[in-house]
Amino acid sequence: MARAELDKQPTDVRRMFDTVARRYDLTNDVLSLGQDRRWRRDVIEAVDAGWGDLVLDLAAGTGTSSQPFADRGASVVPCDFSLGMLRVGKQARPHLPFTAGDGTRLPFADDTFDAVTISFGLRNIVDPLAGLRELLRVTKPGGRLVVCEFSHPTFGPFRTVYLEYLMRALPTIARAVSSAPEAYVYLAESIRAWPDQRGLADLVAEAGWQRPEWRDLSGGIVALHRATA
């Protein structure tokens with residue numbers, strides 16, 4: 001598998017997610033010390049989708065992030081490029097319209113969605129800028145973008161500890177709970193190589209989104225970016 005700081009090969013990344021699909025949700029819960037649940041709640045509040053809204057949940061994986069939108073009365077389309085993830089998700093949530101799709105070539109018409117969101121998946125798109133532009137294409141004018149992604153802790157000493165955890169402890173813990181622990185070496189590297197909060201906001205603006213802003217979660221381990229079409 002290509003290392004994160006080198007070229008991302010879509011086939012390799014897709015295969016990686018296929019292999020971790022079976023225990024993906026459990027592994028994320030363990031590795032984040034349960035904070036992923038809070039982060040999902042923050043995404044739901046930021047998207048603020050109501051009854052009748054049509055929401056695209058890109059990089060939805062098994063649909064764990066999608067179900068809360070349906071619970072609120074919105075129509076949600078979970079979309080992912082990993083067929084392994086989609087199969088696991090469809091078994092668990094057969095009522096959701098899981099859709100296979102590449103983040104740089106989405107299988108949807110222009111101006112389709114009231115809101116689009118992607119959590120912990122933008123950094124795995126081979127061309128994140130193209131992915132953001134594609135999300136803009138399928139969003140109605142005035143629609144909302146919410147990106148939840150790993151970022152850079154704002155407190156220097158904690159940032160050092162966090163990076164050590166990513167590169168040393170995370171793959172070790174993953175060996176105990178994941179169906180493919182070697183994949184988490186890639187994930188740790190991809191997090192380290194990702195832009196900081198301002199860098200991602202600039203990328204969102206470059207893609208054509210309006211008024212990008214962000215809010216740090218968990219001291220900057222994660223940042224929630226929002227913008228308008």
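Trainee: What is the relative accessible area of arginine 215?
Mentor: This is a predicted model, in which local features need pLDDT of at least 70 and side-chain atom pairs count only at pLDDT 80 or more, while totals for chains, interfaces and linings use all residues. Residues are numbered from 1 along each chain as its sequence is written, and side-chain values use heavy atoms, with hydrogens and water left out. Buried means under 20% relative accessible area, exposed means over 50%, and partly exposed lies in between, computed with a 1.4 Å probe on protein chains only. Arginine 215 counts as partly exposed, because its relative accessible area is 40%.

Trainee: Which side chain does arginine 215 meet in a salt bridge at 4.0 Å, N to O?
Mentor: A salt bridge here is a side-chain nitrogen of Lys or Arg within 4 Å of a carboxyl oxygen of Asp or Glu. The N to O distance for arginine 215 is 4.0 Å, and its partner is aspartate 42.

Trainee: How many residues apart are aspartate 42 and arginine 215?
Mentor: Helices (H or I, at least four residues) and strands (E, at least two) are DSSP runs, numbered from the N terminus. Aspartate 42 belongs to helix 3 and arginine 215 to strand 6, and the pair links distant parts of the chain. Aspartate 42 is buried, with a relative accessible area of 15%. The separation of aspartate 42 and arginine 215 in residues is 173.

Trainee: Which residue in helix 6 forms a salt bridge with aspartate 110?
Mentor: Aspartate 110 is partly exposed at 49% relative accessible area, and its closest N and O contact with arginine 137 is 2.7 Å. This pair also links distant parts of the chain, 27 residues apart, with aspartate 110 in the loop between strand 3 (99-100) and strand 4. The partner in helix 6 is arginine 137.

Trainee: Which glutamate also forms a salt bridge with arginine 137?
Mentor: The closest N and O atoms in this second pair are 2.8 Å apart, and its two residues both lie in helix 6, 3 residues apart, about one turn of the helix. An α-helix has 3.6 residues a turn, so residues three or four places apart point the same way. The glutamate counts as buried because its relative accessibility is 12%, and it is glutamate 134.

Trainee: In what order do the 7 strands stand in the open sheet?
Mentor: Two strands pair if DSSP finds at least two bridges between them. The edge strands, each pairing on one side only, are strand 3 and strand 6. The pairing across the open sheet is mixed, and its 7 strands follow the order 3-2-1-4-5-7-6.

Trainee: What is the handedness of the crossover from strand 4 through helix 6 to strand 5, left-handed or right-handed?
Mentor: Strand 4 (residues 113-119) and strand 5 run parallel and are joined by 6 bridges. A crossover is right-handed if, with the strands pointing away from the viewer, the path from the first strand over the helix to the second runs clockwise. This β-α-β crossover, from strand 4 through helix 6 to strand 5, is right-handed.

Trainee: Which residue in strand 7 is the bridge partner of arginine 144?
Mentor: On one side, arginine 144 in strand 5 partners alanine 115. Strand 5 also pairs with strand 7, in the antiparallel sense, over 7 bridges. There, the partner of arginine 144 is threonine 228.

Trainee: How far apart are the C-alpha atoms of valine 43 and leucine 224?
Mentor: Valine 43 lies in helix 3 (residues 35-47) and is buried, with a relative accessible area of 5%. Leaving aside neighbours within four places in sequence, the residues in contact with valine 43 (heavy atoms within 4.5 Å) include Phe69, Val146, Cys148 and Leu224. Although valine 43 and leucine 224 are 181 residues apart along the chain, their C-alpha atoms are separated by 7.4 Å.

Trainee: Within what arc do the buried residues of helix 9 fall?
Mentor: In helix 9 (residues 197-206) the buried residues are Gln197, Leu200, Ala201, Leu203 and Val204. The arc is that of the directions from the helix axis to the C-beta atoms. Seen down the axis, the buried residues of helix 9 line one face of the helix, because they fall within an arc of 160°.
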